[in-house]
Amino acid sequence: MSAVGILLCAGASHRMGFDKLNTPLCGRTAIERSMDALIAGGCDSLVFAVNGESAKTVAALCVPVPHTVVQGGEQRTDSVRNALAAANGDVAVIHDAARCFVSPEIVRACIEAATETGSGVAAMPVTDTVMRKENGAVETLDRNTLFRMQTPQAFRLDRIRAAYEQGAYATDDATLYAKRFGAPTLVPGSEENRKLTTEADWAWAKNRLEPPAYGIGFDTHRLVEGRKLFLGGVEIPFEKGLLGHSDADVLLHAIMDAILGALKLGDIGKLFPDTDAQYAGISSRVLLRKVNELVQKRDMVVAHVDATVICQRPKLAPHRETIERTIAADLGISPDAVSVKATTTEGMNDEGRGLCISAQAIASVRHR
Ligand code: MG
């Protein structure tokens, strides 16, 4: 049994403001990722259906199996028909290049089902309630009878050719196959096997592939009498407090600098200058929430924060959990993603002599 992969790379849409098939995702295009999955899943040859831009991408690929390139059509059906005419093998595995996270296991399962039964089509159950609304009347459909069709859709090549010969149009191959040969065999797809269609899909894909970005922060403030002590947004009972333009919360300042560093947005001195009266005496929690808004504006989220407070006195252990919970709340993340530690310097250095408190932090941000 031989399986030919038909990779549909035409019809690249610019709905997202860029070309989802030809724009590299962490160094490799969707076309290249889909190609690798088809080959790893058992396709021993390939037919690419391309248009202008994807023709260039495919021409630049190093394809490790015999392959043909055909012109894509106006519609998906036209592209498949052109590719089927150029295909050779027992089973055709038709796949939308925009589903570039398909696993080789799904490809293999589709080929095996097609070999045994004539068809093997990736599909997912519907878990939401589905309602049909038409002319003001509504009907709730039985979701146990509904499926979300994915690709790959594998068929015996002679059968799918025959199904396409009827000349009808459809949004997938299983629809045309079913008209001629009855219900196709369904193979479990996966949520990962998602079609990159919207900007949200693209953000999801980047998040899946891109490592988080990291930033570090460091800050020191002088300990003086007559000031309240704030650390990590929590007021700590102590005979002294930290001197500064804001509440001088050295821990939150280090954390904010770490987050801003991960975003390459400079530091808090640049964002909230101490020459600006609106920040006089301001709670650093307010500033932390402003920094978090910048994270969210980029459709990102703080993934993790780890910080060390360097201070001889007071003891921070009793306040640690409250501090972690407070920071997590301001960042809108789980307290499990915030770690605050403390160390003394054994009486050495300015921290050890009680002249100041310092803090170090590292933060990572990732796409939502
Ligand atoms: Mg500071």
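This is a short tour of one helix and one strand, with something to select at each stop.

Before you start, note that this is a predicted model, in which local features need pLDDT of at least 70, side-chain atom pairs count only at pLDDT 80 or more, and totals for chains, interfaces and linings use all residues. Residues are numbered from 1 along each chain as its sequence is written, and side-chain values use heavy atoms, leaving out hydrogens and water.

**Stop 1: helix α4.** Select residues 104-117, which form α4; helices (H or I, at least four residues) and strands (E, at least two) are DSSP runs, numbered from the N terminus. The end C-alpha atoms are 20 Å apart, which agrees with the 20 Å expected for 14 residues at 1.5 Å a residue (the span is 1.5 Å times one less than the number of residues).

Now colour I106, V107, C110, I111, A113 and A114, which are buried (under 20% relative accessible area; exposed is over 50%, partly exposed in between, with a 1.4 Å probe and protein chains only). Looking down the axis of α4, its buried residues fall within an arc of 165 degrees, so they line one face of the helix (the arc is that of the directions from the helix axis to the C-beta atoms). On the other side, E105 and E116 are exposed.

Just past the helix, click on G118, where phi is positive, about 100 degrees.

**Stop 2: strand β10.** Select residues 213-225 together with β16 (residues 356-367): the two strands pair antiparallel over 10 bridges (pairing takes at least two DSSP bridges). Here I216 has I362 as its bridge partner.

Finally, add β13 (residues 240-242), which runs antiparallel to β10 and is joined to β10 by 3 bridges. Look for E225 opposite K240.
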